[in-house]
Amino acid sequence: MSFSTERSPYIRDLQNGLLEEGRFLVRRATMQSAKNNKPFLRLMLADASGHMPAILFAAPVELKKTAEIARPGKVIRIQGIVEEFQNVKQIKLMKVEAAAETEELSRFQARTPLSRRQMYTEMRQMIGAIASNELKEVCSLFLRDRAFMRLFVEAPASRQIHHAYIGGLMEHTLNVMRQVAALAKIYPHADHDLLVAGAFLHDIGKTDEYNFLLSHYEHSEAGRLKGHTLLGYEKLVEKLKLVKMHPLTRAKLEHVLLAHQGRRSWGAIEEPRFLEAYLVHAADAIDSTQFIFHDLQKNAENRNTDSAW
């Protein structure tokens with residue numbers, strides 16, 4: 001069977017039945033054994049619309065050859081049967097080939113639907129509106145750090161849970177900044193400048209937490225060993241060495257970052273001990289949780305079900 005010349009469908013559009021051609025990114029590849037002890041290759045395939053498992057049953061020599069082609073991070077062309085197995089849709093592979101080196105990678109990498117240029121402009125404006133010179137300066141040091149910003153505008157906000165796509169960290173961070181700016185108007189006794197600066201800085205460690213400038217996202221060694229909160233704190237401390245800041249302001253800013261996950265059981269190094277720290281945590285939690293609910297709703301609509309819960 002030869003490959004079709006028709007355009008390969010996205011994973012979100014796959015229906016049960018014959019898949020004449022599919023072009024997908026390999027996220028994971030593992031050799032496993034069935035109940036009868038026969039080996040098979042299990043893949044996790046992905047594109048910008050989602051991901052789907054795939055399996056290949058074949059002779060050991062063929063499995064080894066295919067595993068060399070279908071390595072994580074590689075794009076492959078496949079033929080197979082889309083089917084349901086234990087209520088999970090998967091692809092039973094019939095043919096696997098390496099894709100052309102000229103494949104357009106944007107097909108396989110989900111991106112924020114928003115303009116990163118516009119988000120960056122709004123973020124700069126919000127930081128420019130900070131009245132405290134010391135808080136504005138530490139934020140501006142990050143904005144002027146080209147190496148950091150190159151990563152910041154590309155990074156996902158998480159590996160899988162929320163905003164897990166290119167530009168996701170910037171989108172999430174801006175949403176948190178917008179929320180705390182609104183909360184400062186509702187609660188005028190809250191420190192607007194500390195809120196906005198803390199919101200901008202709360203997830204800066206995620207630029208180092210993931211290996212995301214490849215074709216998929218994995219925790220970096222530092223991310224696994226330290227986590228993004230400690231990584232972000234270390235980045236902040238380096239920038240604070242360049243800013244003359246009141247000791248109490250510095251301690252509060254550091255605390256906002258260390259406490260933004262809310263509870264130690266959720267990954268926080270400290271738990272919020274004053275209003276601004278709590279509000280940054282709350283805004284962070286709201287934005288990530290609303291994304292999860294919205295994603296569930298979209299998936300339910302795509303399955304044409306009546307309920308998303």
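**Exercise 1. Pairing around strand β4**

Task: In this predicted model, find which residue of β5 is the bridge partner of Q79, and then work out how β4 is joined to β5 and to β1.

Solution: Begin at Q79, whose bridge partner in β5 is K95. Widening the view to the whole elements, strand β4, which covers residues 75–85, pairs with strand β5, residues 88–98, in the antiparallel sense, and 10 bridges make up this pairing. Next, turn to strand β1, residues 17–33, which also runs antiparallel to β4 and is joined to β4 by seven bridges. A point at which to check this second pairing is L19, which stands opposite G80 in β4.

**Exercise 2. The loop between β4 and β5**

Task: Determine how many residues lie between the strands in the hairpin of β4 and β5, what sign of phi Q86 has, and whether N87 is buried or exposed.

Solution: The hairpin formed by β4 and β5 has two residues between its strands. Q86 has its place in this loop, and N87 lies in the loop between β4 and β5 as well. As background for the backbone angles, most residues other than glycine have a negative phi. Against that background, Q86 shows a positive phi near 55° although Q86 is a residue other than glycine, and N87, which is not a glycine either, has a positive phi of about 65°. For accessibility, the cut-off for an exposed residue is over 50% relative accessible area. Q86 has a relative accessible area of 64% and is therefore exposed; N87, at 77% relative accessibility, likewise counts as exposed.

**Exercise 3. Helix α5**

Task: Check what span helix α5 should have at 1.5 Å a residue, and establish how many of its residues are buried.

Solution: Helix α5 runs over residues 168–186 and contains 19 residues. The expected span is 1.5 Å times one less than the number of residues, so α5 should span 27 Å, and the end C-alpha atoms of α5 are indeed 27 Å apart, in agreement with that expectation. As for cover, 14 of the 19 residues of α5 are buried, and the helix is thus mostly covered.

**Exercise 4. The chain as a whole**

Task: State how many helices and strands the chain has, and what percentage of its residues count as buried.

Solution: The chain contains 11 helices and seven strands. Of its 309 residues, 46% count as buried. The accessible surface of the chain comes to about 16,800 Å², and carbon and sulfur atoms account for 51% of this area. Finally, among contacts between residues at least 6 apart in sequence, 59% join residues at least 24 apart.

Methods. Residues are numbered from 1 along each chain as its sequence is written. This is a predicted model: local features need pLDDT of at least 70, side-chain atom pairs count only at pLDDT 80 or more; totals for chains, interfaces and linings use all residues. Side-chain values use heavy atoms; hydrogens and water are left out. Two strands pair if DSSP finds at least two bridges between them. Helices (H or I, at least four residues) and strands (E, at least two) are DSSP runs, numbered from the N terminus. Buried means under 20% relative accessible area, exposed over 50%, partly exposed in between (1.4 Å probe, protein chains only). Contact means heavy atoms within 4.5 Å. Accessible areas come from the Shrake-Rupley method with a 1.4 Å probe; for residues, only the protein chains shown count as cover.
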